[in-house]
Amino acid sequence: MLFSSGWLPKAPLQPLHLDWLTRSGIEVAILRLDQIDPLISGNKWFKLIEHLKAADLAGANGIISLGGAHSNHLHALAAAGKRFGFTTVGLLRGHAQITPTVQDLQAFGMQLHWLGYGGYRARHEAGFWTPWLAQYPDLHPIPEGGGGLPGARGCMQLKAMVGEQLKSLGWDDYDGWWLACGTGTTLAGLVLAEAGDHPVYGALAVPGDHGVAQCVDAIVQAAGLYAPAYKLLEASLGGFAKIDPLLLEFIDQAERTSGIALEPLYTGKALLALRQQVEAGKFATGTRLIFVHTGGLQGRRGFPSVLAG
């Protein structure tokens, strides 16, 4: 076994108290996936679980996957490999560089290969995996970000996790989900779990031309769902890893008020996009939303000059 899958961590669900929510009469509960584990953090544990089950069934000795020099996915995967004793190999975007994340990957024992930018863009082409699986025949490949239908199926469990805790908030139901989207895998999992019961709103942390909608549609259709209830909203500020003073000021104020740490690539952008939608009157007074904190706080280290901690 690569990984003991009989137990999964539980994330607390708690009220999010911010003045702009109070003024608008909107209630938000935040699912604290950032608190489930210090290293295998956020939604990454859930996106990995079905992939690791598939690796076990295939008799693999480890995992090979892709990501960038600040990748939360590779960070969680490498940490899981070290903790549970399986081999990990990372195929990285760009050219060799040292970042806090890369230093951790190396410390966790992940073997790294830098693909350049053109080589990384080829990851969706037919035959991309052929030479890598020839070099590592005992490893199981996982898509970038733990994506695909297996990753989404692992995230379906989040609905039940929230349902078990609604009464502690005094809620009998909620009106929708709100979360950041990179590959769209977690959003797709929630869409599958909801099967139309509640809408899922995704704040795009990447530009629209990255094909997130196409990825989500492909996942849910592969699962047999053809009328997914979701909406994607622009939140990337013009590109992945793009930040600006407005975002940083917003994160600082939100952290001071709520006591909840955010990071600027995913959760910070998603919460800012929610404020913009709330203040534009897109949600009726009394709306109750579940905001998913997708973790990724290790990525804050990539912005030492603008975010402390």
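Helix H2 spans residues 44-57, and Lys44 lies within it. The model described here is predicted. In an unreviewed entry, UniProt lists Lys44 for the feature "modified residue: N6-(pyridoxal phosphate)lysine".

**The surroundings of Lys44**

Is Lys44 buried or exposed? Its relative accessible area is 11%. Because buried means under 20% relative accessible area, Lys44 is classed as buried. Leaving aside residues up to four places away in sequence, Lys44 touches Asn72, His73, Ala76 and Thr294. The side chain of Lys44 also takes part in a polar contact of 2.5 Å with the side chain of Asn43.

**Spaces in the structure**

Rolling a probe the size of a water molecule over the atoms shows where empty space is left. The structure holds one cavity of 30 Å³ or more. The table sets out the volume and the lining of the largest cavity and of the largest pocket.

| Space | Volume | Nonpolar residues | Polar residues | Charged residues |
|---|---|---|---|---|
| Largest cavity | about 30 Å³ | seven | one | none |
| Largest pocket | about 1,300 Å³ | 19 | 24 | seven |

Which residues line the largest cavity? They are Leu16, Leu18, Ile30, Ala254, Ser258, Ile260, Leu262 and Leu271. By class, seven residues of this lining are nonpolar, one is polar and no charged residue is present.

The largest pocket holds about 1,300 Å³ of space. Its lining is made up of 50 residues, and those closest to the centre of the pocket are Arg93, Tyr120, Glu144, Thr183 and Tyr266. Several elements give two or more residues to this lining, among them H2, strand S3 (62-67) and helix H3 (72-84). Helix H5 (116-121), strand S7 (176-181), helix H10 (185-194) and helix H11 (212-222) also give two or more residues each. Helix H2, which contributes to the pocket lining, is the helix in which Lys44 lies.

**Two residues with positive phi**

Where does the backbone of a residue other than glycine have a positive phi? One such residue is Ala195, whose phi is near 50 degrees. Ala195 is placed in the loop between H10 and strand S8 (200-204). Leu237 likewise is not a glycine, and its phi is positive, at about 60 degrees. The loop that holds Leu237 runs between strand S9 (230-234) and helix H12 (245-258). The relative accessibility of Leu237 is 38%. Because partly exposed covers values between 20% and 50%, Leu237 counts as partly exposed.

Note on methods: Residues are numbered from 1 along each chain as its sequence is written. This is a predicted model: local features need pLDDT of at least 70, side-chain atom pairs count only at pLDDT 80 or more; totals for chains, interfaces and linings use all residues. Side-chain values use heavy atoms; hydrogens and water are left out. UniProt positions are given in the numbering used here, feature names are shortened, and annotations may be inferred rather than shown by experiment. Helices (H or I, at least four residues) and strands (E, at least two) are DSSP runs, numbered from the N terminus. Buried means under 20% relative accessible area, exposed over 50%, partly exposed in between (1.4 Å probe, protein chains only). Contact means heavy atoms within 4.5 Å. A polar contact is a pair of N or O atoms within 3.5 Å; within protein, one must be able to donate a hydrogen and the other to accept it, and residues adjacent in sequence count only if both atoms are side-chain atoms. On a 1 Å grid over the protein atoms alone, a cavity is a set of points where a 1.4 Å probe fits but cannot get out, and a pocket is an open set with protein on both sides within 12 Å along at least five of seven lines; lining residues have an atom within 4 Å of a point. Grid points are joined across faces, edges and corners, and a volume is the space filled by probe spheres set on the points. Ala, Val, Leu, Ile, Met, Phe, Trp, Tyr, Cys and Pro count as nonpolar, Asp, Glu, Lys and Arg as charged, and the others, Gly among them, as polar.
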